[in-house]
Amino acid sequence: MANCHNLFQEYHGDISIGSKKNERMKNSKEGLRKRITAWFKENHPDYVPYFYIQGSYKMKNGIRTAEDICDLDDGIYFFREPDVSASTLKEWVRQAVDGYTATAPENRKKCVRSIFANDYEIDHPVYYKIDGQEYKIAVKGVGFENSDPKAVVDWFVSKKDKEGRLVRTVKYLKGWADKQSFKMPSGLALTILATNAKEKIVLNERDDITIRDILKEIKKALNNKFECIVPAVPNDDLLENYSNKEKFLETLEKFITDADSAIRETNQKESSKLWRKHLGDRFPLGEDKQENNSRSSAAAAAGAATSYPFGHE
């Protein structure tokens with residue numbers, strides 16, 4: 001049976017953020033921090049911003065999209081109770097970053113986005129924290145809502161395996177989402193779904209088998225209840241208002257079917273063609289060679305079906 005683990009490793013290298021882009025993002029992040037700090041010191045000195053990198057960049061599972069775009073979330077924190085609305089506080093941040101890039105910043109619902117055209121984006125969600133209360137995020141047109149992004153990062157880090165299999169699988173799922181023509185669940189939702197699935201299986205040493213097994217567990221969970229609960233405040237359901245449920249489940253089922261076929265396939269090139277249907281042309285073509293040894297067959301047959309820990313069913 002075809003072993004495409006090496007092809008997944010190559011794919012991982014291609015979708016990962018390269019060192020040069022990563023360095024540019026870090027420099028831009030520092031430049032924006034200095035600009036924001038200086039702006040508040042001059043215009044609203046009673047509001048002192050603090051910063052914390054969060055999201056996929058902090059969890060190290062971010063990817064480059066097919067358009068070579070990636071993002072960095074740099075939270076802005078004020079350790080005081082605001083005497084202005086959430087919308088006003090976000091507007092101040094927009095004013096602070098305005099002019100740093102040639103493209104005007106976007107004041108989005110839950111962040112202010114600085115756009116580095118055709119390269120990357122830096123998002124600034126805005127929070128405040130006072131003793132005895134949860135962290136609260138500023139939501140444009142809504143107000144302040146409880147939200148603790150650091151707790152989500154800590155949860156994910158606590159679930160990671162030392163071999164990096166979960167992180168790689170999350171990135172593969174994001175690559176799959178990037179390939180689709182309809183709106184897929186968010187990167188955070190895919191991260192949570194994959195992490196919950198990982199807890200129900202023993203990760204395989206082969207990435208092709210691991211992603212197949214995790215996809216199956218995700219499908220089982222969503223068939224049982226179509227939800228994705230954030231494992232920290234505000235513990236909201238990221239799929240509550242998701243409008244493409246049937247399309248997503250259909251796409252997930254097709255991916256699982258082809259993943260099973262790809263693992264059973266005896267020719268690596270033919271197997272890779274099945275993976276490319278869902279991951280796109282960035283997934284490499286395999287060698288036109290037959291693989292049919294008992295070891296790979298046993299590994300493929302094992303999968304999640306016989307790898308539940310502690311007798312889980």
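**Helices, cores and rings: a friendly tour**

Colleague: Let's start with helix H7 (residues 187-198) and helix H8 (residues 207-224): at roughly what angle do their axes cross?

Modeller: Keep in mind that this is a predicted model. The axes of H7 and H8 come within 9 Å of each other. Angles of 65 to 115 degrees count as roughly perpendicular, and H7 and H8 are therefore roughly perpendicular to each other. The crossing angle is roughly 100 degrees.

Colleague: And how many residues of the contact of H7 with H8 are nonpolar?

Modeller: H7 brings Leu193, Ala194, Ala197 and Lys198 to the contact, while H8 brings Ile214, Glu217, Ile218 and Leu222. Of these residues, 2 are charged and no polar ones appear, which leaves the nonpolar count at 6.

Colleague: Thanks! Which element gives the largest share of the largest nonpolar core?

Modeller: That core has 57 residues, and Trp176, Phe248 and Trp275 touch the most other members. Elements giving two or more residues to this core include helix H1 (5-15), strand S7 (136-139), H7 and H8. Helix H9 (245-264) is also one of them. With 8 residues, the largest share comes from H9.

Colleague: Which histidine does tryptophan 176 touch?

Modeller: Leaving out residues up to four places away in sequence, the residues touched by tryptophan 176 include Tyr11, Met184, Leu215 and Phe248. Thr251, Leu252, Phe255 and Leu279 are also among them. The histidine is His278.

Colleague: Turning to the rings, is the pair of tryptophan 39 and phenylalanine 40 stacked or edge-to-face?

Modeller: A search of the whole structure finds 22 aromatic pairs. In this one, the ring centres are 5.1 Å apart and the planes stand at 75 degrees. Planes over 60 degrees apart count as edge-to-face, so the pair of tryptophan 39 and phenylalanine 40 is edge-to-face.

Colleague: Is phenylalanine 40 buried or exposed?

Modeller: Buried means under 20% relative accessible area. Its partner tryptophan 39 has 16% and is buried. Phenylalanine 40 has a relative accessibility of 0%, so phenylalanine 40 counts as buried.

Colleague: How many residues apart in sequence are the parts that phenylalanine 40 and phenylalanine 78 tie together?

Modeller: Phenylalanine 40 and phenylalanine 78 form a tilted aromatic pair, 5.1 Å centre to centre with 55 degrees between the planes. Phenylalanine 78 also counts as buried, at 1% relative accessibility. Phenylalanine 40 lies in helix H2 (residues 19-43) and phenylalanine 78 in strand S2 (residues 70-78), so the pair ties together parts whose separation in sequence is 38 residues.

Technical notes:
Residues are numbered from 1 along each chain as its sequence is written. This is a predicted model: local features need pLDDT of at least 70, side-chain atom pairs count only at pLDDT 80 or more; totals for chains, interfaces and linings use all residues. Side-chain values use heavy atoms; hydrogens and water are left out. Axes are lines fitted to C-alpha atoms, for helices over the stretch in contact, and angles run from 0 to 180 degrees between N-to-C directions. Helices (H or I, at least four residues) and strands (E, at least two) are DSSP runs, numbered from the N terminus. Angles under 35 degrees count as roughly parallel, over 145 as roughly antiparallel, 65 to 115 as roughly perpendicular and the rest as oblique. Contact means heavy atoms within 4.5 Å. Ala, Val, Leu, Ile, Met, Phe, Trp, Tyr, Cys and Pro count as nonpolar, Asp, Glu, Lys and Arg as charged, and the others, Gly among them, as polar. A nonpolar core is a set of buried Ala, Val, Leu, Ile, Met, Phe, Trp, Tyr and Cys residues joined through side-chain atoms within 4.5 Å. Buried means under 20% relative accessible area, exposed over 50%, partly exposed in between (1.4 Å probe, protein chains only). Rings of Phe, Tyr and Trp (its six-membered ring) pair if their centres lie within 6.5 Å; planes under 30 degrees apart count as stacked, over 60 as edge-to-face and the rest as tilted.
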